[in-house]
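Biologist: Could you take a close look at one part of this model for me, the loop that carries several charged and aromatic side chains, and explain how its side chains pair with one another and with the rest of the chain?

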Amino acid sequence: MKRIRKEDYKGDGVYIDLDIEYIPYQKLIYDTEKYLNRHTKYYFHCRHGVKSKEVVMSLTEKGYNVTQII
């Protein structure tokens, strides 16, 4: 699982803050194709790191280019 610090994020992909997004993070895990493009790089962040870790681990297994921001 890829991780970077928030200050190291360079804006080279889509930043998704799971604390403020309107899509529940479980939908990103179970209905991924509806919300995300497999050819796009995504960065996930949440306040405590629990939701973003779960999303990144799941999407990595599905072959998405995802990184957790801590």
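Modeller: A salt bridge is counted here when a side-chain nitrogen of Lys or Arg lies within 4 Å of a carboxyl oxygen of Asp or Glu. The model is a predicted one, and the structure holds five such salt bridges. In one of them Arg5 is paired with Glu7, and the closest N and O atoms are 2.9 Å apart. Arg5 also meets the side chain of Asp8 in a salt bridge, at 3.4 Å from N to O, and in this way Arg5, Glu7 and Asp8 are linked in a network. The members of this network can be told apart by their accessibility: Arg5 counts as partly exposed at 45%, Glu7 counts as exposed at 55%, and Asp8 is partly exposed with a relative accessible area of 33%.

A further salt bridge joins Lys41 to Asp12, with the closest N and O atoms 3.3 Å apart. This pair links distant parts of the chain, since Lys41 belongs to strand E3 while Asp12 sits in the loop between E1 and E2, 29 residues apart. Both ends are partly exposed, Lys41 with a relative accessible area of 27% and Asp12 with one of 47%.

The aromatic side chains come next. Three aromatic pairs are found when the whole structure is searched. In one of these, the ring centres of Tyr9 and Tyr43 are 4.8 Å apart and the planes stand at 65 degrees; because an angle over 60 degrees is classed as edge-to-face, the pair is given that name. Tyr9 lies in the loop between strand E1 (3-4) and strand E2 (14-17), whereas Tyr43 lies in strand E3 (residues 41-45), so the pair ties together parts that are 34 residues apart in sequence. The two rings fall into separate classes of accessibility, for Tyr9 is partly exposed at a relative accessible area of 22%, while Tyr43 is buried at 5%. Ring pairs also bring in Tyr15, so that Tyr9, Tyr15 and Tyr43 are linked into a cluster.

Taken together, the loop between E1 and E2 is joined to strand E3 by a salt bridge through Asp12 and Lys41, and by an edge-to-face ring pair through Tyr9 and Tyr43.

Note on methods: Residues are numbered from 1 along each chain as its sequence is written. This is a predicted model: local features need pLDDT of at least 70, side-chain atom pairs count only at pLDDT 80 or more; totals for chains, interfaces and linings use all residues. Side-chain values use heavy atoms; hydrogens and water are left out. Rings of Phe, Tyr and Trp (its six-membered ring) pair if their centres lie within 6.5 Å; planes under 30 degrees apart count as stacked, over 60 as edge-to-face and the rest as tilted. Helices (H or I, at least four residues) and strands (E, at least two) are DSSP runs, numbered from the N terminus. Buried means under 20% relative accessible area, exposed over 50%, partly exposed in between (1.4 Å probe, protein chains only).
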